[in-house]
Amino acid sequence: MIRNVLRWIAQRRLTITFLLLGMVILLFILIPLAKMIFTQSPSILWDTLLDGEVRSAIWLSLYSALIATAVGLVFGVPLAYFLARHSFPGKRLVEALIDVPIVVPHIAAGIALLFIFGQSFFTGRAFHAVGIDFVFAVPGIIIAMLFVSVPFLIDSAKQGFEKVDERLEKVARTLGASPWQTFVRVSLPLAKRSIFGGSVMMWARGISEFGAVLVLASYPTIAPILVYDRLEGYGLDYALPVAALLVIICIIIFVVLRTIAYRGERA
Amino acid sequence: MIEIKNLTVNLGDFLLEEIELRVEKGEYFIILGPTGAGKTVLLESIAGLHPIKSGKIWLDGREVTRLEPEKRGVGFVYQDYALFPHLSVKDNLLFGLKRRRQPKEEREMVVEWLAELLGISQLLERSPDTLSGGERQKVALARALSISPDVLLLDEPLSALDPQTREGVQQELRQIHHRLKQTTIHVTHDFEEAIALGDRIAVLGEGRILQVGTPDEIFHHPNSEFVARFAMTRNIFAGEVRDGARGEVTLTVEGTELEVVTELRGRVHASLRPEDILISKEPLSSSARNSLRGTITSIADRGATLYLTVSAPPDFVCLVTRRSLDEMNLAEGGEVYVTFKASAIHIF
C-alpha cells in the first residue's frame, strides 16, 4: 500500500515539485489581497463607499481609464492590424517600441509626458489654445493612463489579427467586398475577442495607474492617489478601507470582463 | 473567356514567367503541375490578389490587369475552403450577394437555388466548423458561384478530401459544370483528376506553361522531358467496364480485356503505376492476375531504372531496374509478358 503511494509520488516528482513551487507564488498573490479585503469590517467599507471624496475618486479613475481605452482602440487597433499584415525593415524595433511604456518606470513616463504636454512645449501650448489643458486636469490623467496601458491593447489586438487567416480576407475581396468592408465584416469580427480582451487589460491597467498620473495630474484625485494621500496624511487606518474598496472593484471588473472576453474558449 | 498574355509574377525565390493562356467560355480548364510550381499564385493573380510584375489579363473581353479583386467577378475556392468561421453556412452564401445590394427576396432565392444545386439545403443554419470536409467544399463552391462569376477558380479543391469523398465531389464538379457551363480553371497536382475533369490541360513546370492540350494529347504526346516524366508516372487508359460471365469485372481497353476491381460501370478512365507491372519472359499464371503478351517498342533510360514501353495493345509503360534488363536480356522488338494484379488498376 505505502509502496504504491511512494511509487505514485515517485512517478510524478516533476508535477508535484512544480505544483508546490507554483502554490507558493499563488499564495503570495492571494494572501495579501485577501487579508486586506477581509480584515475590513463590511460596515467600514460601506461608510467608505458613502464618502463623497472616495466615490468621486473611484468614479474618476473608472471613466478616465475608459476614455483612455477608447482612444487606444481608435488609434491602436489600426496599428495592430497594420503590424499583423505587413512586414518591413525595422518592424521588430517598432514592436519593441510599443512595449517600452510597460518597462520604463512610470514616474519617468509621467515626466516625459509633462515635457510634451506641459505649457513649455508647443504641443502643450497648441492644445491650450483650443482649450485643452493636461497639467492638473482630467485630460492629463487620461494621457498618462493611455501612455502606460495602450501596449496591452495593441499587443493583444495584433495577436488576434495574426490568427485571422489571410485567405479569408482574400475570399471576401473576390466576393465583392472592398478592403474596408473586408476589415469590418471579416477581420474585425474574427479578432474581436482578442481586442476585447486587450481592452479589458488596458482599462484595468489604467485604473490602477499611479506614478505617471501623479506627475502629470495629482489633482483631480484618482483613487490610487487618494489612497496615497490618506496613507501619507492620516496613516494606515484611513488608507486601508479605500485601498480595499479599490482592489475589490478592480477584481470584480477584471474577473467579470475577462470571463466575458474568453467565454467559449478553452482555458 | 480568359486570356492571359505574357504574365510574369515574382514569387520571391522564383518567377512565374511569360504565362500565356486562353480559356474559352464554358470550358473546364485544368492547370496541372507539381507542388510548389506556383499554381496558387497564378490563380491569385487572375483574381487580382497577387501583384503582377508584367503582362495582361482579360476576362470576357475586358482588361482586368490592374482591377481590384472585388470588381473582377471571379469566384475563388481555396484548398481548405476558407469559409468564414464566424458566419453560418447561409451567411457565408449571402456574403457576396449582400455586397451587390440585391433585393432581399432575390438574395434568398439565389441561396435557395445554390443550396439545392449542391445538396446543402439542410446545412444552411449550421456553423462551418460542424461540417465535414466534403460539406465544407460544397459550401465553398456554392459561395464562389453565388456572385455568378465570369470565371470560377478552384485551387486544389479535392486535395484535402479523403479518397471516397473526393470521388463524390469530383462527380459533383463534373455535373455542375455540365449544368452551368461555368468557365472554370482548376489547378491540381493529380493527373487523374486532370483527366477526369479537364476539357483541356495546361502543364505548369519550372515557372512556365510547358504544354497545353486535351488530356489525350498531353498523356500520349508529351512535348518535353518534364511533361513526359510527369505523364509517365502512370499508365492512363480509356475503356469500358462490364460485368463478366463468371462474376468478374472486366475493363476493355483497345480490344484487350483486363480484370479489375471497381464499383463503376460503363465508360471510365483507368490508371496503372509502372512499378506495379511485372515483366517476365514466360507467362506467370495466377487467377488474380492480368498477364498479357506484348512487344517492347521502346526503352527509355533513367539512370538506375528504365522505362519500357510494351505494346499489347494497349501500350504499357513499365519500370525495370538495369539489373533485370541485363538478366532478362531485354531489347526493343523483344517479346515479354506484362503481369499485374486486378487491384493495381485504379478506375476513375
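Student: In which loop is F136(A) found?
Tutor: The loop that holds F136(A) lies between α7 (122-129) and α8 (138-162) of chain A. Bear in mind that we are looking at a predicted model.

Student: What makes the phi of F136(A) worth a remark?
Tutor: Its value is near 55°, which is positive, and the residue is not a glycine.

Student: Let's go on to helix packing. Why are α4(A) and α10(A) called oblique to each other?
Tutor: Begin with the value: helix α4 (residues 52-85) and helix α10 (residues 179-207) of chain A pack at about 140°. Angles over 145 degrees count as roughly antiparallel, and 65 to 115 as roughly perpendicular. An angle of about 140° falls in neither range, and therefore α4(A) and α10(A) are oblique. The axes of these two helices are 9 Å apart, and their crossing is right-handed.

Student: How do you know which residues of α4(A) and α10(A) meet?
Tutor: The test is that C-beta atoms, placed from the backbone, lie within 7 Å. On the α4(A) side the residues that meet α10(A) include L62(A), A65(A), L66(A), L73(A) and Y81(A). Among their counterparts in α10(A) are I195(A), M202(A), W203(A) and I207(A). By class, this contact has 11 nonpolar, 6 polar and no charged residues.

Student: What angle and what distance describe the packing of helices α3 and α4 of chain B?
Tutor: Helix α3 (residues 104-118) and helix α4 (residues 133-145) of chain B pack at about 140°, with axes 10 Å apart. That angle makes α3(B) oblique to α4(B). The contact brings L114(B), A115(B) and L118(B) of α3(B) to K138(B), L141(B), A142(B) and L145(B) of α4(B). Its classes are 6 nonpolar, no polar and 1 charged. Is the crossing left-handed or right-handed? For α3(B) and α4(B) it is right-handed.

Student: On to strands. How do you know that β11(B) pairs with β14(B)?
Tutor: Pairing requires at least two bridges found by DSSP. Strand β11 (residues 235-243) and strand β14 (residues 266-272) of chain B are joined by 7 bridges and run antiparallel, so they pass the test. At one position N235(B) stands opposite L272(B).

Student: And what makes β11(B) and β12(B) a pair?
Tutor: β11(B) and strand β12 (residues 249-253) of chain B share 4 bridges in the antiparallel sense, so the requirement of at least two is met here as well. D243(B) stands opposite V249(B). The two strands form a hairpin with 5 residues between them, and in the turn G247(B) has a positive phi of about 85°.

Student: Why are β15 and β18 of chain B called edge strands?
Tutor: Look at the order in this open sheet of 5 strands: β15-β19-β16-β17-β18, with antiparallel pairing. β15 (278-280) and β18 (315-321) each pair on one side only, and so they are the edge strands. Neighbouring strands of the sheet are turned by 45° against each other on average, direction ignored. Within the sheet, 7 bridges join β16 (residues 289-302) to β17 (residues 305-311), and I296(B) has V310(B) as its bridge partner.

Student: How do you know that the peptide bond from A312(B) to P313(B) is cis or trans?
Tutor: Its omega is near -15°, and the bond is cis. P313(B) and P314(B) are also joined by a cis peptide bond, with omega about 0°. P313(B) is in the loop between β17 and β18 of chain B, as is P314(B).

Student: How many residues of domain 1 and domain 2 of chain B are in contact?
Tutor: 5 residues of domain 1 are in contact with 5 residues of domain 2. Helix α6 (residues 191-197) gives the most to the domain 1 side, with 3 residues. That side has 4 nonpolar, no polar and 1 charged residues. The domains span 2-232 and 235-347, and 35 Å separate their centres.

Student: How many residues of chain B and chain A are in contact?
Tutor: 17 residues of chain B are in contact with 16 residues of chain A. β6 (74-77) and α2 (89-99) are the elements that give two or more residues to the chain B side. By class, that side has 11 nonpolar, 3 polar and 3 charged residues.

Terms used: Residues numbered from 1 in each chain as written. Chains lettered and ligands numbered in written order. Predicted model: local features only at pLDDT ≥ 70, side-chain atom pairs only at ≥ 80, totals over all residues. Domains from an automatic or database assignment. Contact = placed C-beta atoms within 7 Å. Nonpolar A, V, L, I, M, F, W, Y, C, P; charged D, E, K, R; others polar. Axes fitted to C-alpha atoms, helices over the stretch in contact; angles between N-to-C directions. Parallel < 35°, antiparallel > 145°, perpendicular 65-115°, else oblique. Left-handed = near helix turned anticlockwise from the far one by under 90°.
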